[in-house]
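Biologist: Please show me the model. I would like to go through the ligand site with you.

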Amino acid sequence: MISVSVNGYGTIGKRVADALSKHPDIKLVGISKFTPDADARIAAAKGISIFASKENHDAFVKFGVSPAGSVEEMVDASEIVIDASPDKKGIKNKEEVYMRKNKRAVFQGGEKDNIAEISFNARSNFNSAKNKNYVRVVSCNTTGLCRIIKPILENRDDLEKISVSLVRRGADPNDSKGSALNSIEWESNSHHAHDIQTVLGSIPIKTTAFKAPQTLMHVHSISIKFRGAAPSKQDIENIYSKESRVALLRNASSTSDIIEKARDLGFARNDIFLVNLHANTIISDGNELSMVITVPQESIVVPENVDAIISMVDLMDQKRSMELTEKILGLGNIKSRLEAAFA
Ligand code: NAD
């Protein structure tokens, strides 16, 4: 059993902790909490061990959630720490805690890529995390794009350029902060292109990012130019129907529609974990292919965090690890029911 803890119990941390607790080869040591609140109560009620910051230990006891120990003790008891702290806090945790204690860690996409030895996407570069001490799971947007671009690279060697416009959600549903209510912000040559290259190498890609006042999902419009004729719509459907972490949706037309179906189908927390490729947006015209994908930002990186651990300890090969992760998360079921709803 691999002992793993989750440092940072927010949007990503709580989902990764649930996934780890279902994995047969992983022991969830516990999670860190810095404030005694309802999330701590819910985690405790699920039987998850809570490790509190030393200075807040008494406040947790008073609140009725007795910590299993301090955050330092949690890290001591772990072989690998999943760092799911807010953007740019992981680097401090690395330098002040994990390195001093000689502990391995998985970081998230809000950290700069140089925090880790490699940037990780299970479908694209599973083996590169083998025996590494520090791995960064790339952001939700980059994870979605890697799952889409990698199969194209495997099928075609005449890619000329990729352009992506990303409409990002301004805040997560649980956020009290977020983007302005009446404005859409943009950033040309956004960092996403570089981020994708940290996984897929120096592919010709440019990205423009918009931040929109909504919370449900990211939406990307992708345009790919080939030197030869672009793949047909049928070719694209054939390629992605084989991808276990891509849902091929035929009739969805909005992010609210997809989330409503996730609710109606009873997916826990509305989590989809997959990138959705919208078949009704695929256009093949001469040398150019265009299509729209949607990225469920809260859940898409959860399977990648699990696979990153398995690769780091070299427990199984890519296929077995991805299949097991998908099994514990019920991805096959989510994929087939969502695809059937939008058939
Ligand atoms: P969040 O704000 O929801 O949760 C972060 C948690 O970390 C909070 O519970 C906070 O109390 C705790 N925390 C605060 N300081 C800490 C510290 N020093 N050490 C450990 N924990 C600390 O954040 P999130 O949205 O879950 O994002 C976490 C990481 O995942 C970021 O790097 C982010 O960029 C990345 N990410 C987020 C999303 C998303 O859509 N939310 C998607 C993919 C990747």
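The questions below cover the ligand and one residue.

Modeller: This is a predicted model, where local features need pLDDT of at least 70, side-chain atom pairs count only at pLDDT 80 or more, and totals for chains, interfaces and linings use all residues. Residues are numbered from 1 along each chain as its sequence is written, and side-chain values use heavy atoms, with hydrogens and water left out.

Biologist: How many residues surround the ligand?

Modeller: A residue counts if one of its heavy atoms lies within 4 Å of the ligand. Thr11, Ile12, Asp87, Arg169 and Asp172 are the closest. The total is 19.

Biologist: What is the distance from the ligand nitrogen to the polar side-chain atom of aspartate 172?

Modeller: Polar contacts here are pairs of N or O atoms within 3.5 Å. Aspartate 87 has a side-chain N or O atom 2.5 Å from a ligand oxygen. For aspartate 172 and the ligand nitrogen, the value is 2.5 Å.

Biologist: Why does the ligand lie between domain 1 and domain 2?

Modeller: Domain bounds come from an automatic or database domain assignment. Domain 1 covers 2-138 + 301-328, and domain 2 covers 140-299 + 332-341. The ligand lies between them because its shell takes residues from both domain 1 and domain 2.

Biologist: Is asparagine 141 buried or exposed?

Modeller: Asparagine 141 sits in helix H7, residues 140-155 (a DSSP run of H or I, at least four residues, numbered from the N terminus). Its relative accessible area is 2%. Buried means under 20%, exposed over 50%, partly exposed in between, with a 1.4 Å probe and protein chains only. So asparagine 141 is buried.

Terms used. A polar contact is a pair of N or O atoms within 3.5 Å; within protein, one must be able to donate a hydrogen and the other to accept it, and residues adjacent in sequence count only if both atoms are side-chain atoms. Helices (H or I, at least four residues) and strands (E, at least two) are DSSP runs, numbered from the N terminus.
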